[in-house]
Amino acid sequence: MMKTTDEISILWLTAGLGCDGETIALTGATQPSLEDILAGAVPGIPKVNFRNPLLAYESADDFMRHFHEAAAGEAGDFILVVEGSVPDETNKTEGFWAAFGVDENGEPILTVDWIEKLAPRAWAVVAAGTCASYGGVHAMQNNPTGAMGLADYLGWDWRSRAGVPIVCIPGCPTMPDTLTQTLVYLLQQFAGAMPMIDLDDSLRPRWIFEATLHEGCDRGGYYEQAQFAEDYGDRECIVKLGCWGPVVNCNVGKRGWTNGVGGCANVGGTCIGCTMPAFPEKFMSFMSQPPGSLLSSQAIATYGKAINSLRRYTLNSMNQTPAWRKKTAPFYQIEPLTKKDE
Ligand code: SF4
């Protein structure tokens, strides 16, 4: 098939161990939306053929055809998106953990077989969500599936045939616009309009994940003034209720969730570190104050309380009209209405 940068497919494999959360989250993206991408409303991207089993018009063989053609090298360029963690199919004597479609004998085709056939032919490979990126909840110690992230399965130094590393877009689920913006970047890179995507050591897009949640959190001002919530529903910083935001790379404090609204800590949900490779074990138990924050919240207490009372004093004075501007009597005297005026 002739190479063209005018058209590409996105083959979205939801058959890892997961909850389809990224596919659902994708429908909530607004900047840009999935519809923007598919309608070609975003500048500099090729025509996109989107193949996701949950969001497809086609079904059964009509849908599976696209994956079989891609595996046979007959589908042109495509980005492979894997959602859900990758199970270890070698750790048992019978049965399987995850599969997608059936072969000519009616036998299930294992998810790992799809990955092994499609990844070498893909222009780029994307791990959507924390399960696909790093294993997530299913990869907790002693899990019988032996689940792992795509980078552990293919290798952290793996490169696509176009030289693109695995692109991890973690989150549980991933913030909707983070999914679409990363896809748009890759589509623009495919079209020759962008340089190689810049990823951090955990293979996340650096421009999205380099700041911590805390650095963009709506409650950051309360933290600095040592004002900490004691109950859910309080408006202050929720670090003492278990928020890990200061040590979690995540953009939802700044970007919100859907259309700029929401985002875990902004709306009172403690950050449990779901975008991190160490999630979930190192962030448990989720409802306890993070050990490191015992020190930082103590350290900030004296400074924060002093600064807060000085600010209250200044704030109070800023709420007063300057004395030189204040009139002792009204500038314009309104005469009371007489009976006749009424
Ligand atoms: Fe930081 Fe969490 Fe407090 Fe927000 S709620 S300011 S992220 S510790």
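# Exercises on a predicted model

The accessible surface of the protein chain is about 18,000 Å², and carbon and sulfur atoms hold 54% of this area. The model is predicted.

**Exercise 1.** Determine how the radius of gyration of the protein chain stands against the globule rule.

*Solution.*
1. The protein chain contains eleven helices and seven strands.
2. For 342 residues the globule rule gives 20 Å, whereas the radius of gyration of the chain is 26 Å, well over that value; the chain is therefore more spread out than a compact globule.
3. Along the principal axes, the C-alpha atoms fill a box of roughly 95 × 55 × 40 Å.
4. Of the 342 residues, 46% are buried.
5. Among contacts with a separation of 6 or more, 74% join residues 24 or more positions apart.

**Exercise 2.** Describe helix α11 by its span, its kink and its buried residues.

*Solution.*
1. Helix α11 covers residues 291-318, which is 28 residues.
2. From first to last C-alpha, α11 reaches 39 Å, close to the 40 Å expected at 1.5 Å a residue.
3. A kink of about 45 degrees is nevertheless present in α11, centred on A301.
4. A301 is also one of the buried residues of the helix, a list that further includes S293, S297, I300, G304 and N308.
5. These buried residues of α11 pack against α9 (220-224).

**Exercise 3.** Establish why C250 forms no bond with the closest cysteine sulfur.

*Solution.*
1. A disulfide requires two cysteine sulfur atoms within 2.5 Å.
2. The closest cysteine sulfur to that of C250 belongs to C271 and is 6.2 Å away, so the pair is too far apart for a bond.
3. C271 is likewise in no disulfide, as its nearest cysteine sulfur, that of C243, is 5.2 Å away.
4. The count of disulfides by this rule is zero.
5. C250 counts as buried at 12% relative accessibility, and C271 counts as buried at 7%.

**Exercise 4.** Locate the cis peptide bonds that precede P32 and P280, and the positive phi values of N142 and N259.

*Solution.*
1. The bond from Q31 to P32 is cis, with omega near 0 degrees; P32 sits in the loop between α1 (21-26) and α2 (34-38).
2. The bond from F279 to P280 is cis, again with omega near 0 degrees, and P280 lies in the loop between α10 (252-255) and α11.
3. The loop between α10 and α11 also holds N259, a non-glycine residue with a positive phi of about 60 degrees.
4. N142, also not a glycine, has a positive phi near 75 degrees. N142 is placed in the loop between α5 (130-134) and α6 (150-154) and is exposed, with a relative accessible area of 74%.

Terms used. Residues are numbered from 1 along each chain as its sequence is written. This is a predicted model: local features need pLDDT of at least 70, side-chain atom pairs count only at pLDDT 80 or more; totals for chains, interfaces and linings use all residues. Side-chain values use heavy atoms; hydrogens and water are left out. Helices (H or I, at least four residues) and strands (E, at least two) are DSSP runs, numbered from the N terminus. The expected span of a helix is 1.5 Å times one less than its number of residues. The bend at a residue is the angle between axes fitted to the seven residues ending there and the seven starting there. Buried means under 20% relative accessible area, exposed over 50%, partly exposed in between (1.4 Å probe, protein chains only). Contact means heavy atoms within 4.5 Å. The radius of gyration is taken over C-alpha atoms; the globule rule is 2.2 Å times the number of residues to the power 0.38. Accessible areas come from the Shrake-Rupley method with a 1.4 Å probe; for residues, only the protein chains shown count as cover.
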